[in-house]
Every structure is written in structure tokens, then in C-alpha cells.
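Reader: I have just opened this entry and would like some help finding my way around. Could you take me through a few places in it, one at a time?

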Amino acid sequence: MDHFVYRGGTLHAEDVPVADIAATVGTPFYLYSRATLERHYGLFEEALAGTDHLICYAVKANSNLAVLKVLGDLGAGMDVVSAGEYLRAKAAGVPGERIVFSGVGKTREEMRIALSGGVRQFNVESEPELLALSEVAAGLGRTAQIAIRVNPDVDAKTHEKIATGKKENKFGIPIDRARAIYAEAAALPAIEVVGIDVHIGSQLTELEPFRQAYLKVRDLTWALRQDGHRIGRLDLGGGLGIPYTRANEAPPLPLDYGAMVKQVLGDLGCEIEIEPGRLIAGNAGLLVSGVIYVKSGEGRDFLILDAAMNDLIRPAMYGAHHDIVPVTEPEPGAPQHVYDIVGPVCETGDTFARGRPMPPVAAGDLVAFRSAGAYGAVMASEYNTRPLVPEVLVSGDHFAVIRPRPTFDDILARDTIPPWL
Ligand SMILES: *Cc1c(COP(=O)(O)O)cnc(C)c1O
């Protein structure tokens, strides 16, 4: 459930008409609902109630400082994958002891920044990273708390580009080698083993792959404890999928996920960490766009929008589906027209949907892409020198621009022509 609904014939974000925001901000723009972010975070709190836990929001899904502050103020931890994300979490007021540092290629400089600023744990993904972290931490006179990301070799049954838990993926260390690497970690200076980490992929629509991975983590917990390690935390990653279409799509609910986690791991006496991103931010955001032209083509009509693949790349990159709805509520039973919905960028890949039935719209109308709050703005670029798409946050009956659209002068000023040209 989200807080984007038609009221009085027009789409609202909480209590604000989307068209009012469009009139102020111009299109395209991302629009987030604070109440929806809070609701989704609350679903995970509810799901893990009764177990010692920390919900570490995966910052990469939507890293706007205002979004991080909404979640951080509720007590969320953060899962970051770069120094930039780490600094965003800190800037949003999240203390280091609630920040987990993940990622397959952390540099020494990134380790230094996180260790100096304070960090809860590093999720280490390889032996060379472990050695580097030990050196960096020792050099700073600090101890790095670590979990090792194990690769459980399970099929997440999701899109190949976002499956991370098969042995051929670049992530983590093979679970069969975990005992040897934990032994190595325990012997290193400035390293303290605190737990185990696993993350098998994104947009999972079944619980079974999670369960298989967590059963392996369970066995490993016992084995590592036998080896003398203190395994007090289990970081179970993120990845719970969301419905991208209103029709017949029902990924597992956080409550069912939580029940499964408690069933599989509840008796181990571990603090549970989870790293949801998409489920918290995805359906808390729209991409609002204007129709520039309706163009009749050979046997098809093109809806040419002012949003493009540089603003929302998921359809081009993953073949992803987004529901696209008119901002003005269609009459009940209005006839459907079939469109190819495209952006203005000079690539055929700049196509949001082919043969999509929707109520007829005209040039100048507004449309909204649903489920665009995660992996939307964060993946945007200025390809075709299209200004980086702005972001807006609604809370109740008010809204604020939380990242303004750059001007063309801003954009041009970022380049420099060397004096010798
Ligand atoms: C991407 C990622 C997440 C978040 O995944 P979602 O599908 O957005 O929940 C969590 N942890 C790690 C390590 C990730 O790479």
C-alpha cells in the first residue's frame, strides 16, 4: 500500500495534488511520500519484533539525504557500499554504530574514512580485502568489526543482473571456504569477527531461496562457534521484492519473511540485521512526467514523454515494467488506447513500454510512473545533457524539493576547456 491515490479526480501524493507540484517544479521529477517510507520501514520493525535486530536500509536504492533522514529518525541503520554513501548516511544524522559497510571492492581510502568516522561493521567479501582492512585498521590504531559475506550458492530466481548468491557471481566467498577464512580473520591484527553476512540478490519474489540461504548460514554459525568464533550477529541482506504491477503479483510480505527468519535462525541467540532497500523506497516514489507529443506511427502510436532512460533506466537496463498512469483520473470504464511509451533520447532503448494499453492522453498531460522510488533517481544521469532529474518529498499537505534541477549554466560550468585549446 502507498499514499499515491486519486482524490477528486486527480492523483495525490498524501494530501498534495501531484499536478500542483508539477506546476511548481516542472517535469520530469521524482516524488516521494514520507508516510509510505515510514510505513514500509514499520513493516520490517513489525516483522522482526521480539528478536534483537537492526534494520539497515540499503542506501543505494535511494540515497537522497532527506530520505535517509526520514528513515534514520525512525532508528534505522544504513547499509552503504561506498564512501560517498557512508558520508551521506552520516550527513543525514545516522551514527556510525548503525552503519554497515558492504561492497565487493572497498578501497583502503574508503576503509579509512569509515573507520575514522565510526562504523558498525564491515561486510568483507574476499581475503585480499580482509588483509587490506587489517592493515588499514592497525595503521589507524582501531579495530574493525567484521562479518564475512558468504556466497551460499543458491538460485535467487530473479533477474540475472541482480542475482548475487550463485557461486559464479562475483560476491562473497564460497561458503565451503568460510571456516578457513574465519580462522585467518581471527588471527589478524585489528580485526574482530562479529558475525556472518549473506545477500543473495534483489527483487526476490519467493521466500524459498532466502530460506535455503539462511539454513546454510545456520549450519555455518554452529560450525564457526565450534571453531571458537563469537558469532553474535547475522546480516541477512536485503532483496525482498515488490509488486511492480497492480495486477496478480504478490511477493512475500515482510511479516512472512520475518516469521521465516525467526523460524530458521531464532534459536541461535544472534542479533539479526537486514538490509532492505527496494521494499522500503520502491513503492514510496513516482516519476512524474509530461507528455510532449503523441505521434502516430506505422501501426502504432508513440507517447513521447519528457522523461527518458537517463532519468529512469530500469526498463532499458532490466526490461523492467513500471505501471504508467495518467495524473488526471480516467473515467471509470474509459476506453484504453495502446501506446509505445518512449523518451526523447536518441536510442531505441529509450522505450519505457511497448504496446501498453492506457486511457488516452494528449500532449501537455501529466503521467506518473509507479514504483519508481528505488533504483530510479540514484541511477539517473545527464546523458544527452538532460539536467539531472529533481526530487521532491511530500509529507502530509506540504512538499519540498529535496534535490533541485540543475540549470544549464550549472551543467556547463562543470566542464572546463583547458587554456591550451
Ligand atoms: C543491493 C543490496 C541490498 C538491497 O537490496 P534490495 O533488493 O534493494 O532490498 C542489500 N544489501 C546488499 C549488500 C546489496 O548489495
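**A walk through the model**

Author: A good place to begin is the surface, where I417, W420 and L421 make a nonpolar patch of about 480 Å². Please keep in mind throughout that this is a predicted model.

Reader: Where does I417 lie?

Author: I417 belongs to the segment that comes after α12, the helix spanning 408-413.

Reader: And is I417 buried or exposed?

Author: I417 counts as exposed, because its relative accessibility is 70% and the cut-off for that label is over 50%.

Reader: Let's switch to the ligand. Which residues come nearest to the ligand?

Author: There are 14 residues around the ligand, and the ones that come nearest are K60, S202, E275, R278 and Y375.

Reader: What distances separate the ligand from N or O atoms in the side chains of K60, Y375 and D79?

Author: For K60, an N or O atom of the side chain is 2.7 Å from an oxygen atom of the ligand. In the side chain of Y375, such an atom is 2.6 Å from a ligand oxygen, while for D79 the partner is a nitrogen atom of the ligand, at 3.3 Å. The ligand taken alone exposes 390 Å², and the protein buries 93% of that.

Reader: Now for T164. Where is T164, and why does T164 count as buried?

Author: T164 sits in the loop that runs between β9 (144-151) and β10 (173-174). T164 counts as buried because its relative accessibility is 9%, and the label applies under 20%.

Reader: What does the side chain of T164 reach?

Author: The T164 side chain reaches the backbone nitrogen of G201 at 3.0 Å, and a polar contact of 3.4 Å joins it to the side chain of R149. Setting aside residues up to four places away in sequence, T164 touches several others, among them N169, F171 and H199.

Reader: One last stop, D311. Where is D311 found, and is D311 buried or exposed?

Author: D311 is in the loop between β15 (301-305) and α11 (314-318), and with a relative accessibility of 1% D311 counts as buried.

Reader: How far apart are D311 and V389?

Author: In sequence they are 78 residues apart, whereas in space the C-alpha atoms of D311 and V389 are 6.1 Å apart. Beyond its neighbours within four places in sequence, D311 is in contact with residues including P28, Y30, R386 and V389, and a polar contact of 3.2 Å joins the side chains of D311 and N310.

Methods:
Residues numbered from 1 in each chain as written. Predicted model: local features only at pLDDT ≥ 70, side-chain atom pairs only at ≥ 80, totals over all residues. Heavy atoms only, no water. Helix = DSSP H or I, 4+ residues; strand = E, 2+ residues; numbered from the N terminus. Buried < 20%, exposed > 50% of the residue type's maximum accessible area, 1.4 Å probe, protein only. Polar contact = N/O pair within 3.5 Å; in protein donor to acceptor, adjacent residues only side chain to side chain. Contact = heavy atoms within 4.5 Å. Patch = residues over 30% accessible without salt bridge, like charges linked within 9 Å, V, L, I, M, F, W, Y side chains within 5 Å. Areas by Shrake-Rupley, 256 points an atom, 1.4 Å probe, with all protein chains shown as cover. Salt bridge = Lys/Arg side-chain N within 4 Å of Asp/Glu carboxyl O. Near = heavy atom within 4 Å.
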